[in-house]
Amino acid sequence: MSAELWTAVSGGVVGVASAVATFWGGRAARRTRRDHRRDDFKAITERMDKEFDRRDERIDELEAKTELQEQRLEGASVAIIYLIGRVRGLTGYIRSVGMEPPAADPVPDPAKQFIHDFDL
């Protein structure tokens, strides 16, 4: 091989090596794998924060509904206790005047768990 051929081959090799190094350096300077992972983490974190906020709002709504239902149940319970006492009082009055009150309808099965004494 002649000196000119060695010069040409070595110049080509240096040119290819320079091109590869330039490409690799440009790519590395632009964005790294870590940058992509950090961006993904940031996006996922933001999405999770939004989901947590949405869940918190939903929990607050459910707690408000639960409180309202508890108040309604408490009121219904007081009303049932009052009505049972009122029926017993009327039944006692009717018997005290010497009459017999009408026979009561049977207590429905779902109501039996709430009304324990069936002598109305």
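This report describes the fold, confidence, surface patches and salt bridges of a predicted model.

## Fold and confidence

The protein chain contains 3 helices and 0 strands. Followed along the sequence, the pattern of the protein chain reads α-α-α. Helix H1 covers residues 3-30, and helix H2 covers residues 33-96.

The average pLDDT of the protein chain is 82, and 82% of the residues reach at least 70. Confidence varies by element: helix H1 has the lowest mean pLDDT, at 72, while H2 has the highest, at 89.

## Burial and accessible surface

The protein chain has 120 residues, of which 3% count as buried. Its accessible surface is about 11,100 Å², and carbon and sulfur atoms account for 61% of that area.

Ile84 is a residue of helix H2. Is Ile84 buried or exposed? Its relative accessibility is 18%, so Ile84 counts as buried, the cut-off being under 20%. Ile84 can also be placed relative to Ile115: the two are 31 residues apart in sequence, and their C-alpha atoms are 8.8 Å apart in space.

## Nonpolar patch

Which residues form a nonpolar patch on the surface? The patch consists of Ile44, Met48 and Phe52, which together have about 290 Å² of accessible area.

Ile44 belongs to helix H2. The relative accessible area of Ile44 is 39%, which makes this residue partly exposed. Ile44 can therefore belong to a patch, since patch residues need over 30% relative accessible area and no salt bridge.

## Negative patch

A second surface patch is negative, and its members are Glu46, Asp49, Asp53, Asp56, Glu57, Asp60 and Glu63. One of these, Asp49, is located in helix H2. Asp49 has a relative accessibility of 40% and counts as partly exposed.

Why is Glu51 not a candidate for such a patch? Patch residues must have over 30% relative accessible area and must be free of salt bridges. Glu51 stands at 30% relative accessibility, and Glu51 also forms a salt bridge with Arg54.

## Salt bridges

Side chains of opposite charge can pair when their charged atoms come close. How many salt bridges does the structure hold? There are 4 salt bridges in the structure.

Glu51 pairs with Arg54, with 2.7 Å between the closest N and O atoms. Both residues sit in helix H2, at a spacing of 3 residues, or about one turn of the helix. Glu51 is partly exposed at 30% relative accessibility, and Arg54 is partly exposed at 45%. Glu51 and Arg54 are also part of a network of salt bridges that includes Arg55.

Glu61 pairs with Arg58, and here the closest N and O atoms are 3.6 Å apart. Glu61 and Arg58 both lie in helix H2, again 3 residues apart, about one turn of the helix. Both count as partly exposed: the relative accessible area is 44% for Glu61, and the relative accessibility of Arg58 is 40%.

## Glu100 and Arg95

A further salt bridge joins Glu100 to Arg95, the closest N and O atoms being 3.5 Å apart. Are Glu100 and Arg95 buried, partly exposed or exposed? Glu100 is exposed, with a relative accessible area of 60%. Arg95 is partly exposed, with a relative accessible area of 48%. The two residues fall in separate classes because exposed means over 50% relative accessible area, with Glu100 at 60% and Arg95 at 48%.

Definitions and conventions
Residues numbered from 1 in each chain as written. Predicted model: local features only at pLDDT ≥ 70, side-chain atom pairs only at ≥ 80, totals over all residues. Heavy atoms only, no water. Patch = residues over 30% accessible without salt bridge, like charges linked within 9 Å, V, L, I, M, F, W, Y side chains within 5 Å. Areas by Shrake-Rupley, 256 points an atom, 1.4 Å probe, with all protein chains shown as cover. Salt bridge = Lys/Arg side-chain N within 4 Å of Asp/Glu carboxyl O. Helix = DSSP H or I, 4+ residues; strand = E, 2+ residues; numbered from the N terminus. Buried < 20%, exposed > 50% of the residue type's maximum accessible area, 1.4 Å probe, protein only. pLDDT = per-residue confidence, 0-100. Lys, Arg positive; Asp, Glu negative; His and termini not counted. Charge placed at Lys NZ, Arg CZ, Asp CG, Glu CD.
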